[in-house]
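Welcome, and thanks for opening the viewer. Let's take a short walk along some charged side chains, one selection at a time.

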Amino acid sequence: MAAPSTNLCGLCHSHTPLLPVFNPTLYKSRVSISGKYNKKCHPHYKINCLSNEASTVTVSVPEIRWSRNDGYTDKQTVLNYLKSAGFETEELEELELPLTVDVMKERVQFLQKLGLTIDDINEYPLMLACSVKKNMVPVLDYLQKVGVRKSALTDMLRRYPQVLLSSVVIDLQPVIKYLGGLDIKANQIPRVIETFPELLGFKLEGTMSTSVAYLISIGVSRRAIGPMLTQFPQILAMRVGRIIKPFVDYVISLGMSKQVLASVLEKKPYILGFGLENQVKKNVDSMLSFGVRKQALGSVIAEYPEILGFELKAKLMSQMEFLDLNLGIGSEGFPKVLEKMPQVAALSQDPVLKRIELLSSWGFSRKDMRKMVLACPQLLAFNVDVMKLSFDYFRDEMRGSLQELVEFPAYFTYSLETRVKPRFRKISKKGIKCSLSWFLSCTDQRFEERLQAEYIGIEEMGDETSRLAADESVLEEGEGSEDYEESEDELDEIAYKRALYM
């Protein structure tokens, strides 16, 4: 195509001074034109001009065809622009870039409008190789179509910018369909993607399918998979052989049955994210070093799985010193408290101190409180208002003594309205005089049997079941639990129920 008569600078760069990829290929001249130029060339293009002094010249203008094969000079222009704007370009040098700086500016501005900073883009500069119209817009439109919030897109792109290189049909749609097939509710799929956008890059026949299959094989309910993945979708990225199976095998080796572990995982799947070597094993060693019995580890973990993920040693030391200072529970008593209520590792000390002060205000001595907490550590975490109501009823209506509560502190674990008051009215009506554990620490059926028999000579059974009742209480609600048999076959189930209650 013949160029019009113009000044030389405009002639040499008549298409655009900022085309980075195209280089002109010169062919046989077809026209001759005369032109004047009276401006010097832009410094960057001096070497390309026939002259840099104003004069009248006659030049032969060749036909120009633009080739994409050898665009070093123009590509360098775009790279120079990116460098001047603060972007890292090393990873971009071997890639095909936009034809003009204007197009590159459009990409940069689009990403910045999404909330990404230069630092964010430098974490994955390859996103600058994505076309706004061909890559970015279709991907982002699809994500919003399936329910991802616009306000969440920025954080998603920071965590998984590779999604911009995805094909909606080939990459994204199959993953969304697969998640629905795992019983993740349609309205929860967007939250799953926002929580763990990396899963958009996984292969369906790889890690995702094998991790789900393994969990089902150890006893996790098929119906629980959807809720588990909704809560902790990172499971889909975990390799069975490297992460999930070693975790499962180790916890089972601590005395927890596979059935109980499966039930715990259904409720708290995030514990699979605790590092086996640098967290789990380290914390188990810490518990053992503080005196927790090895045979109690399975029950402790079932009741409070989060204990595996703390920086535990420092917490245990701090809590033991606190309880020793305020209640005289030192290195001998602390492991007993920890076994019965492992949540003590995470309790804030100020609220605990308020409960200790409350007990003291009712007339309990430090020695009494120590004995009560060793028997029922849940006292340190009960709802204060519920404790006050229970104590007022015990003192004013039941006319009990403080010593009775010292002997049976689990009284505070039972619901005042659904257990304490109804049962107390029945034994009062019959004129039965008995201990707190006799009429509280049993099931409704057993309580009725005791009333019919009018026999109180089973205190030992009441004392033993009171221990289980105290352990299974509902913290911060003052709710009591049902009595459980004490056979070895049911210990795992008891541990699981404790975990659910907690």
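Start by selecting lysine 371, a partly exposed residue with a relative accessible area of 40%. Keep in mind as you look around that this is a predicted model.

Now add glutamate 407 to the selection: the two form a salt bridge, with their closest N and O atoms 3.0 Å apart. This pair links distant parts of the chain, since glutamate 407 sits in helix H20 (residues 402-407) and lysine 371 in helix H18 (residues 366-375), 36 residues apart. Glutamate 407 is partly exposed too, at a relative accessible area of 49%.

Next, select glutamate 339 and arginine 293, whose side chains meet in a salt bridge (2.7 Å, N to O). Glutamate 339 belongs to helix H16 (residues 334-340), while arginine 293 is in the loop between helix H13 (276-289) and helix H14 (297-303), so the pair ties together parts that are 46 residues apart in sequence. Is each partner buried or exposed? Glutamate 339 is buried, with a relative accessible area of 13%, whereas arginine 293 is partly exposed, at 44%.

For a pair within one helix, go to lysine 245 and aspartate 249, which are joined by a salt bridge (2.8 Å, N to O). They are 4 residues apart in helix H11 (residues 240-253), which means about one helical turn separates them. Lysine 245 is partly exposed, with a relative accessible area of 38%, and aspartate 249 is partly exposed, also with 38%.

To finish, zoom out: the whole structure holds 15 salt bridges.

Technical notes: Residues are numbered from 1 along each chain as its sequence is written. This is a predicted model: local features need pLDDT of at least 70, side-chain atom pairs count only at pLDDT 80 or more; totals for chains, interfaces and linings use all residues. Side-chain values use heavy atoms; hydrogens and water are left out. A salt bridge is a side-chain nitrogen of Lys or Arg within 4 Å of a carboxyl oxygen of Asp or Glu. Helices (H or I, at least four residues) and strands (E, at least two) are DSSP runs, numbered from the N terminus. Buried means under 20% relative accessible area, exposed over 50%, partly exposed in between (1.4 Å probe, protein chains only).
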